[in-house]
Amino acid sequence: MNATSIDGGILTFTPKDIEVSYIYEQFNCLDSVAHGYDSLSFNIKGPEAASVSIELQTVSDCSSTEYQSYYYTVDGLSGSLQTVNIPLNSWVGANLDGVVGVLWYGFSAGLTGTDNEWQLDNVQFLCADVPPPENPEPTTSPAPPETTPAPGEPEGPGATVTTTIYVTTTETSTGSSNTPTPTTTRRSTTTRPIFPTNPPWWDDDPWWGDDPWEGGWPESQNGPAQATATATAVPSSSTNGKQIEARADSDSCSQLLVDDWVSQSRLTFLYYNALLKSSSDDGTMKSIVVKDNHVTFTPTDTDSYFYTQLGCIDARAYGGISLRITAAAGTTFDVQLSSTKGECGTEQTTDVVLSSKELGWTFNGQDKLYSIPFSKFKGLDLSKFEMFFISNLKKAVTFGPVALYCGDEVVEYVAPKVVEPTEPTETVPAPSSTATTLVIDKFANSETNALGQWHGADEGITLTFRRNTMTLKTNDSDLMWVTQVAETCRDLSEFDGSYLHIAYTGSNLFTVSLQQHNEKCNNDIYPYPETWDSLEAQRYASETDIYIPLTHFNVDRKRSIGFAFKGFYSTTATVFSKIEIVPSVPKGFTIPEKLPSGTFVFSCKRPNSFAFAIDDGDPVFAQQVMKTIDDAGITVTFFTVGAPLRDPTTNLSAIYNEMAAKGHQIALHSYTHPPLEGLPDEAAIDWEYTNDIEAVKETFNGLTPKYFRPPFGTEGARMRQRLAALIDEPYIVQWSVDVEDWLWAESNTPEKQLEAFKRDVAAGGNIVVMHYLYNSTVSYLKEFIEIAKATGKQLMRVDQCMMDPNAPPLPGEEK
């Protein structure tokens, strides 16, 4: 907290930050059922319209030292001191026979964003037969408080989360029912939101933010000569609370892959290793870059560290850990291995630390195979092996795949060779047309093209104009450059037998798109553009020229706006000298066949329809989201990331199955949430799709959705073509209503999310993007729905609003 004080029996405090500030009360184990308590009551004052979350801590029995946490959120505070009564059954799943603590957190900014003073008083458990206390005498005239449901009303939101805190300097932990002991190093490693609390790069505008993608999938490579075996990861089933079965002998043992560094976003966005266990630096490193099945850690200082969990496995059949390391001469760091004390799932660990010197390691800047023999880590309980931890780094180090090897023979894990997917190589005829040549851009100046129309780029693209050329360079696949053929609409159908010609040198690793206007050709009506089709420049290119048949752009060419260059996946610059539409191609130039690219949508097709399309969020808010949607009597679409579905600690598989059972649509959102078009090759894109598709099939009884939302909205030809190659006639779903939760939810003005929603709805938008990541966004969901209903449009799922014949019928509509 920034400040706390007590006066007249009231605690007054000023939160420092919504993410880190909290107040807690702990007490001896309380059997609330035996005592007849049925609710928790307290007086609280917060900013008007603010919200606060309350964590109830319970134990399985009063002899246990580990507590479980359950959550509830109170919204719409009055701005004055008021009484809040919460039925204990609102914390769904909590063991009310063993309550040991209450914690208040998530203090939001409220209506004005300027009043940040809070008060708390009179915390008590109430008996079932005692009337709850009334609001305290207000100092100002309060608005009617929005309190929680009374007994007998539907249960409030709650999500079961077991929190485990690992501490390196003491055995006392905040997972204990004793008073927490401050420590210098703390790692919350079992439970976390689906997305990071302090995101390293993703929390930008999903359309124009910087793309930090620097690594990702490896290029083709051969395994090192020392490799004698390969390994596969263990199934992604839960090991929480139980051990992996011990191997009887080394003959029945197989290598256990911990991390193959196959995905930047899996590691630094979802914080997972190959076992789908927690893996993170907790923001202590200067950078973590994944590339070619290796990861490079660059420390900020000697306090930087990195850990990866294994989940309390029985490792007695293993002899140690193998990995390749590249480090400069003189590099040293510490290696810590940890095992769980007591039962698996408890928070106390035995930690054994050895330096790289004690392990006998020296470095010379070359990639070499090293081993971490378990025999050197005295006191480690290998029957409950929990964690691998590195610290005290002074220089950058690069690790190859990390795996447990069987017995005494050090065997490394060799990542499979990347195999690029095959694509059709057929060509199509390239007849000449009778249309004249239309010169669109000769790059004579930086503001307008040869048609006198605007051309320009998103911020973040570097453009250099010189002697009728434009040099373009960017490292962000989400950015685009556009040259318009009209201020509103231009009919290019007269050139349907002609070819778009782009004269260039340098990189051709980008997308070419033709943008289509809305049917009103009105720039003030959303969406604008209404859609576009994207083609892969490289497929249509020689070293100096690109020729694309206009008919390969699957849009209404009578409503053309302009051409865009986007989806750049190389930092090599491209120099453009001319863009034109020509009636023919040079002799000998071959044109590839058009590849399917799916249906790319920003808005509903069905008249008078509106769809909430909600992306993944924090499981803590899931029950509240479902209750709000249920109360509104609507169905929505959920776009879900695949990897967290396989992580049992998130409970997302159960949450989304409940949503599906209520009639909501489940759709795809990638496996680890990278900017797909920015990945270096199609094998990486396929890895995301195939794993996501399989995770959804596993979770939803064979379901294969054909609706997909690109992470960050990053779209391009390759990600569309690969999706269409794996799923027949897919829909790539963007949005025309953005609540801008990424911008405002954690600011001092979260109400601007309402303003953004109203603005886009007023402009005609009808497909929403939002996340249930933030308390304020979830709190506004009810108002979002009310605003949408007030338009008179019918609220429905995305597949219904697209008039998909396979979508469930609307109420009163026959299949």
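Two strands pair if DSSP finds at least two bridges between them. Strands here (E, at least two residues) and helices (H or I, at least four) are DSSP runs, numbered from the N terminus.

Before we set off, note that this is a predicted model, in which local features need pLDDT of at least 70, side-chain atom pairs count only at pLDDT 80 or more, and totals for chains, interfaces and linings use all residues. Residues are numbered from 1 along each chain as its sequence is written, and side-chain values use heavy atoms, with hydrogens and water left out.

**Stop 1: an open sheet**

Select β26 (455-457) and β29 (480-484): these strands pair in the antiparallel sense over three bridges. Click on G456, and you will find V482 of β29 opposite.

Now add the rest of the sheet. Five strands make up this open, antiparallel sheet, in the order β26-β29-β34-β31-β32. At its edges stand β26 and β32 (531-536); each has a single partner strand, so one side of each has no neighbour in the sheet. From one strand to the next, the twist averages 20°. In a regular strand, side chains alternate between the two faces of the sheet.

Next, show helix α7 (717-726), which lies across β31 (511-516) and β32 and runs at about 90° to β32. For angles like this one, axes are lines fitted to C-alpha atoms, for helices over the stretch in contact, and the angles run from 0 to 180 degrees between N-to-C directions.

**Stop 2: two helices side by side**

Select α3 (622-632) and α10 (775-790). They pack at an angle of about 25°, and their axes are 9 Å apart. The two are therefore roughly parallel to each other (angles under 35 degrees count as such).

Which residues of α3 meet α10? Show Q624, V625, T628, I629 and A632; in α10 they meet V778, S779, L781, K782, I785 and K789. Contact means heavy atoms within 4.5 Å.

**Stop 3: strand β9 and its partners**

Select β9 (118-127). Strand β2 (10-14) runs antiparallel to β9 and is joined to it by three bridges; F13 has W118 as its bridge partner. Strand β4 (37-45) is also antiparallel to β9, with seven bridges, and here L40 is partnered by F125.

**Stop 4: a buried leucine**

Is L256 buried or exposed? Select L256 in strand β12 (256-259): L256 is buried, with a relative accessible area of 2%. Buried means under 20%, exposed over 50%, and partly exposed in between (1.4 Å probe, protein chains only).

Finally, add A403. L256 and A403 are 147 residues apart in sequence, yet 5.4 Å apart in space, C-alpha to C-alpha.

Definitions and conventions. Parallel < 35°, antiparallel > 145°, perpendicular 65-115°, else oblique.
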